[in-house]
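Q: Please take a close look at a single part of this structure. A connected account, suitable for a first-year student, would be welcome.

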Amino acid sequence: MELDPGQCFAALRARDARFDGRFFVGVTSTGIYCRPVCSARVPRREHCTFHRSAAAAEAAGFRPCLRCRPELAPGLSAVDAQARLARHAARLLEALPRAGGGIQTVAQRLGVSPRHLRRAFGAAFGVAPVAFAQTQRLLLAKRLLTDTTLPVTEVALASGFGSLRRFHALFRTRYRLSPTALRQGLLSTAPADAMDFELAYRPPYDWARQLAFLRDRSLTEVESVQDGAYRRSLLIEAGVQRHTGWFEVRPVPERALLAVRVSATLVPVLTAVLARVKHLFDTDGDPLAVAAALGPLATPRPGLRLPGAVDGFEVLVRAVLGQQVTVRAARTLARRFVEAFGEPLQTPFADINRLFPAPQRIAAQSRDAIAALGIIGRRADTLRAAAAAVAAGELDLRPDAPVEATLVRLRALPGVGDWTAQYVAMRALAWPDAFPAADHGVMKALGVSRPRDAAARAHHWRPWRAYAVMHLWHSLDSQETTPCTTT
C-alpha cells in the first residue's frame, strides 16, 4: 500500500485511532518515530516522514518514541493473497524469534520460494524479512524492559537474542541508550509469578459479546470468565520443550487496550503467548472495513470480533464434539474429555487446574477409551485420526497455515465435513472469509433451508463472511441452544 502523505498527516493531527498501526511517523527534527495516536505535540509537516511498519521507520534511522511506544500498536488483518502471505510470514517471525533457518524456513513453511516471499514482504512492510525480524526482537526487548522486572539476560533470551553482547550492541546502536538506562525509574506492578502487558486494538471493540461468546463455550478446568476477565491454562511446545502456564485478559477502561497478565513460567515462549492472545481476541481486526462490507447486518453490533483460538487442535476437537448437538451438550463432552486426558496444572485460579490434552496423548488412546466418555464410536475415530495427523505434522492448524490446502486435509479426515472444516478455518486459521453454509443457525438467521442458498445469500459479504457468521449467530435469540449440522 502506498502511503498518501497528506492523508497520513491529517490522521496524525486528528490522532485518529483507526490509523494506529497502519503507518508510523518519523520526525526528522528529533530522530524519533511515533504512532499516529501519539499524545506528543504534532510536529510540523515538513519534519514528518511516513512508513508502513516500525521496521521501515527504524531502517530509515529513527528510534521508537518512549511515550506512545510503537511496540504496542495493533497489527493488520489482510485478505488478499499477497498481503496475507506477508502477514503470515510476519506472524511467524514474531511468534518464533529464535527459530532457525530464517527466511528459508519461513518460505518453506508457507509453501513459496524465498524470492517470492521477499517480494511480497517488501511490498507489505517496506523492508526485508530479516530487518523486520530484527526490529521485532528489539521492540519485544523494549517491552520486557519497560513492563517487567526480568533480568536483562533473560530479556535478551526471551526476545530471541542468542548473545547478550549482540543484544547490548544492537540496542545501543538502534535506540542510542543501554537496556539498563531504559529501565531506570520503571517498575512493574505485576506479582513476582506473572508479567503484565497491553495489547492495542482498533475501536470499536464489542468486549461484552466477545466475552459472552467465550463464556458460553468455556471449558471447565481449562478456561473461565469471571469479573469481566477471561482466564485459561496454556501449553506451548517448542521443539522438544514443553512450557505450561496461564494468562488473563481484561479490557482497560476508556482506552483501546486489553490488559494481559501472563504467568512467569511462559517467559521462554512469551512471543508465542502474546501472538495467541492477539489471535484469540482478534486485536488485528478492522471493524470499520468489516462494517463497510457487511452493511446493515453489522449496524446493531459495531465492533463485533471474530473469536480465534490459542490451540488449533483444541478447536478441531471441540468442533467434532459439537457436531449435530447443542453448545451445552458439546461443553459436557469436552469437559469429560479434559477430565480424562488433560494434564493437571497449578494456577492462582481455583477453577483452572488442567491443560487441554495434547494431540500426541489423544493419538495414543484407544477407540474404547474415548467412546467410554459418551462420545459415539465414529467421532472417537475422527478424534484419533485428527490427533495423529496433527502430532505427525501432516495437519497444520496454526493461523499461518495455507487455508485451501488445510481445508482439503481437514475434509480428508473421517467424519469431517464442510461445516467442521469451515468452523476450524474461522477460529483456528483466522480466515475472515470462512463460511459454514450448512450451519443451522446461519440458515435460520438467513431464512433459508439449504446450504447452497445460504452461500448464495452471503456472497456479497466476501471477503468478511466469517464476521457475517458471528453477526448472524448473535442475531438469534436462541443462539446458545442452536444445533449445528455437519458432514
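**A hairpin, its sheet and the enclosed spaces**

A: In the hairpin formed by S6 and S7, two residues lie between the strands, and aspartate 227 adopts a positive phi near 55°. The model is predicted, and local features need pLDDT of at least 70, side-chain atom pairs count only at pLDDT 80 or more, and totals for chains, interfaces and linings use all residues. Residues are numbered from 1 along each chain as its sequence is written, and side-chain values use heavy atoms, with hydrogens and water left out. Strands (E, at least two residues) and helices (H or I, at least four residues) are DSSP runs, numbered from the N terminus.

Four bridges pair S6 with S7 in the antiparallel sense; two strands pair if DSSP finds at least two bridges between them. Glutamate 223 has arginine 232 of S7 as its bridge partner.

The hairpin belongs to an open sheet of five strands, ordered S5-S9-S8-S7-S6, with antiparallel pairing. Its edge strands are S5 (194–200) and S6 (223–226), each of which pairs on one side only. From one strand to the next, the twist averages 25°, where axes are lines fitted to C-alpha atoms and angles run from 0 to 180 degrees between N-to-C directions. Strands of a sheet pair through backbone hydrogen bonds, either parallel or antiparallel. S5 runs antiparallel to S9 (residues 257–263), and seven bridges join the two. There, aspartate 196 is matched with arginine 261 of S9.

Strands of this sheet also contribute to the walls of enclosed spaces. The count comes to two cavities of 30 Å³ or more. A cavity is a set of points on a 1 Å grid over the protein atoms alone where a 1.4 Å probe fits but cannot get out, and lining residues have an atom within 4 Å of a point. Volume is the space filled by probe spheres set on the points, which are joined across faces, edges and corners.

The largest cavity holds about 510 Å³ of space. Its lining has 32 residues, and Phe213, Arg217, Arg318, Tyr423 and Arg427 lie nearest its centre. Strand S7 (229–238) supplies at least two lining residues, as do helices H10 (207–216), H13 (312–321), H14 (327–341) and H19 (418–427). The lining comprises 17 nonpolar, six polar and nine charged residues; Ala, Val, Leu, Ile, Met, Phe, Trp, Tyr, Cys and Pro count as nonpolar, Asp, Glu, Lys and Arg as charged, and the others, Gly among them, as polar.

The second largest cavity holds about 50 Å³. S5 gives the largest share of its lining, three residues. The residues that line this cavity include Glu198, Leu199 and Ala200.

How values were computed: 1 Å grid on protein atoms, 1.4 Å probe; cavity = no way out; pocket = protein on both sides within 12 Å on 5 of 7 lines; lining within 4 Å.
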